[in-house]
Amino acid sequence: ITLAAGVDPHSGAPAIFGFGIDISGRKRAERALHRSEAELRALLEAFPGYIAALDDQLRYTYINERMAEVLGEQASALIGRSVGEVQGESRSAAVAGLFARTRAGERVVQVRSFPRPGHPDERLDLEMTHVAGPVGEGGHQTGYAFGVDITARLRAELQLIGARDEAQRAN
């Protein structure tokens, strides 16, 4: 409600006018939006994989703790920083190329290998799927990377190849 002082148009006496707008619908929509945001954050944090989101300037807008740990940082310390600042300019150039492909509609899947957090002598192999989000206001678009740990699968594949090769040599 907004109050305003004025003059009564009929009597000419001083008057106070009140104006009200029903915003209950907007408040319900805001509460629903906040619930939806909280649910999405809970789902993203519960996801057992690795997630990062970048704006079109290659700045982190979201990163889950698992992915941040791989990069040696806390998630909160990465938000707003660029890929170049965090991973170096050569990686930034590679990510820019991936982002261009996803913006053109391609879903890009690649395997990336990192030092395993807490065990730098071991490797962590992630199958990373890169996609672009919808085009937003002003033509801005978010790029997403979703990673799944495939270290054990790759290790098993190498063991199977080694066993096959050994069997072939024995014959």
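The chain exposes about 11500 Å² of surface, 56% of which is supplied by carbon and sulfur atoms. Buried residues account for 26% of the 171 residues in the chain. The model is a predicted one, with an average pLDDT of 91 over the chain, and 100% of the residues score at least 70. Among the elements, the lowest mean pLDDT, 85, belongs to helix α1 (residues 24-46), whereas helix α3 (residues 75-78) has the highest, 96.

The overall dimensions depart from those of a compact globule. For 171 residues, such a globule would have a radius of gyration near 16 Å, but the value for the chain is 27 Å. Taken along the principal axes, the box filled by the C-alpha atoms is roughly 110 × 30 × 30 Å. Of the contacts between residues at least 6 apart in sequence, 31% join residues at least 24 apart. The chain carries 20 positive and 23 negative charges, and the mean positions of the two sets lie 2 Å apart.

Six helices and seven strands make up the secondary structure of the chain. Read from the N terminus, the elements follow the order β-β-α-β-β-α-α-α-α-β-β-β-α. Two strands thus precede helix α1, and strands β3 and β4 come between helix α1 and helix α2.

Two loop residues that flank strand β4 were examined in detail. L58 is located in the loop that connects β3 (50-54) to β4 (60-63). Its backbone has a phi near 60°, a positive value in a residue other than glycine. Most residues other than glycine have a negative phi. L58 counts as buried because its relative accessibility is 9%, below the 20% cut-off for burial.

On the other side of β4, N64 occupies the loop between this strand and α2 (65-70). N64 is also buried, since its relative accessible area is 0%. When neighbours within four places in sequence are set aside, the contacts of N64 comprise L44, E45, F47, G49, Y50, I51 and A75. One of these residues, Y50, is 14 residues from N64 along the chain, and the C-alpha atoms of the two are separated by 6.6 Å. The contact set of N64 includes L44 and E45, which fall within the residue range of helix α1, as well as Y50 and I51, which belong to strand β3. A75, a further contact of N64, is part of helix α3.

Technical notes. Residues are numbered from 1 along each chain as its sequence is written. This is a predicted model: local features need pLDDT of at least 70, side-chain atom pairs count only at pLDDT 80 or more; totals for chains, interfaces and linings use all residues. Side-chain values use heavy atoms; hydrogens and water are left out. Helices (H or I, at least four residues) and strands (E, at least two) are DSSP runs, numbered from the N terminus. The radius of gyration is taken over C-alpha atoms; the globule rule is 2.2 Å times the number of residues to the power 0.38. Buried means under 20% relative accessible area, exposed over 50%, partly exposed in between (1.4 Å probe, protein chains only). Contact means heavy atoms within 4.5 Å. Accessible areas come from the Shrake-Rupley method with a 1.4 Å probe; for residues, only the protein chains shown count as cover. Lys and Arg count as positive and Asp and Glu as negative; His and the chain ends are not counted. The place of a charge is taken as NZ of Lys, CZ of Arg, CG of Asp or CD of Glu. pLDDT is the predictor's confidence in each residue, from 0 to 100.
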